[in-house]
Amino acid sequence: QVQLVESGGGSVQAGGSLRLSCAASGYRYSSYCMGWFRQAPGKEREGVAVISTGSGRTYYADSVRSRFTISQDNAKNTLSLQLNILKPEDTAMYYCAATLLGSDCYSGSWSETSRYRYWGQGTQVTVSS
């Protein structure tokens with residue numbers, strides 16, 4: 001049974017930083033796509049950043065590129081997202097997600113939620129102005 005558990009959310013002022021973590025269990029790291037999505041109230045869930053666990057290739061949403069950094073620690077089965085220079089518009093529930101084993105990240109489809117089989121319960125990030 002694959003489980004993804006997020007942690008590290010919280011409330012910060014604009015310009016601040018947070019680090020989110022996702023602990024994966026029941027999932028043997030190999031080659032698949034894993035990453036972060038977010039959903040603000042009244043909005044659709046959107047892709048933030050993903051990483052190919054096999055190649056290390058990363059993809060970012062334009063709105064977070066140069067501010068957020070995704071990374072993986074295969075030894076600890078942990079995925080992280082460093083959020084810097086946070087803005088009020090970054091306020092959302094952040095979810096960790098993973099595709100089925102062998103399903104990699106692709107530039108044209110990495111942000112499609114339908115590609116991701118496994119989801120965490122989410123961690124809230126709130127940025128005040």
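Select D104 to begin, and note that in this predicted model the residue counts as buried, because its relative accessibility is 14% and buried means under 20%. Now add R57 to the selection: R57 forms a salt bridge with D104, and the closest N and O atoms of the two are 3.6 Å apart. R57 lies in the loop between β5 (46–52) and β6 (58–60), while D104 lies in the loop between β9 and β10, so the bridge ties together parts that are 47 residues apart in sequence. Is R57 buried or exposed, or something in between? With a relative accessible area of 35%, R57 is partly exposed, whereas its partner D104 counts as buried.

**From D104 to C105**

Move on to C105 and show its side chain together with that of C33, since a disulfide joins these two cysteines, with 2.1 Å from S to S. C33 sits in strand β4 (residues 33–39) and C105 in the loop between β9 and β10 (118–119), so that the link spans distant parts of the chain, 72 residues apart. If you look along the S-S bond, the torsion there is about 100°, and the disulfide is therefore right-handed. C33 counts as buried because its relative accessibility is 0%, and C105, with a relative accessible area of 0%, is buried as well.

**The other disulfide**

The structure holds two disulfides, and to find the one not yet visited, select C22 and C96, whose sulfur atoms are 2.1 Å apart. C22 belongs to strand β3 (residues 18–25) and C96 to strand β9 (residues 92–98), so this pair ties together parts that are 74 residues apart in sequence. Which hand does the link of C22 and C96 have? With -80° about the S-S bond, the link is left-handed. Both C22 and C96 are buried. With both links in view, you can trace how they are arranged along the chain: when the bonded cysteines are numbered in sequence order, the pairing is 1-3, 2-4.

**Salt bridges around R38**

Next, turn to the charged side chains. Side chains of opposite charge can pair when their charged atoms come close. The structure holds five salt bridges, and a good place to continue is R38, whose side chain meets that of E46 in a salt bridge of 2.7 Å, N to O. R38 counts as buried because its relative accessibility is 6%, while E46, with a relative accessible area of 36%, is partly exposed.

Keep R38 selected and add D90, which forms a salt bridge with R38, the closest N and O atoms being 2.9 Å apart. This pair links distant parts of the chain, with D90 in the loop between β8 (78–83) and β9, R38 in strand β4, and their positions 52 residues apart in sequence. D90 is buried, with a relative accessible area of 1%. Which residues belong to the network of salt bridges here? Add R67 to your selection, and you will have the whole set, for R38, E46, R67 and D90 are linked in a network of salt bridges.

**Aromatic rings**

Now show the rings. A search of the whole structure finds four aromatic pairs. One of them is formed by F37 and W119, an edge-to-face pair with 5.1 Å from centre to centre and 65° between the planes. F37 lies in strand β4 and W119 in strand β10, 82 residues apart, so that distant parts of the chain are linked. F37 counts as buried at 0% relative accessibility, whereas W119, at 27%, counts as partly exposed.

For another of the pairs, select Y59 and W110, which are stacked, with 6.4 Å from centre to centre and 15° between the planes. Y59 is in strand β6 and W110 in the loop between β9 and β10, so that the pair again links distant parts of the chain, 51 residues apart. Y59 is buried, and W110 is buried too.

Go back to F37 and W119 and add Y116, because ring pairs link F37, Y116 and W119 into a cluster.

**A charge over two rings**

For the last stop, select R45 with W119 still shown: R45 lies over the face of W119, at 4.8 Å from the ring centre. Then add Y95, and you will find that the charged end of R45 also sits over the ring of Y95, 3.8 Å from its centre.

Key. Residues are numbered from 1 along each chain as its sequence is written. This is a predicted model: local features need pLDDT of at least 70, side-chain atom pairs count only at pLDDT 80 or more; totals for chains, interfaces and linings use all residues. Side-chain values use heavy atoms; hydrogens and water are left out. A disulfide is a pair of cysteine sulfur atoms within 2.5 Å. Helices (H or I, at least four residues) and strands (E, at least two) are DSSP runs, numbered from the N terminus. Buried means under 20% relative accessible area, exposed over 50%, partly exposed in between (1.4 Å probe, protein chains only). A salt bridge is a side-chain nitrogen of Lys or Arg within 4 Å of a carboxyl oxygen of Asp or Glu. Rings of Phe, Tyr and Trp (its six-membered ring) pair if their centres lie within 6.5 Å; planes under 30 degrees apart count as stacked, over 60 as edge-to-face and the rest as tilted. A charge sits over a ring if NZ of Lys or CZ of Arg is within 6 Å of the ring centre and within 35 degrees of the ring normal.
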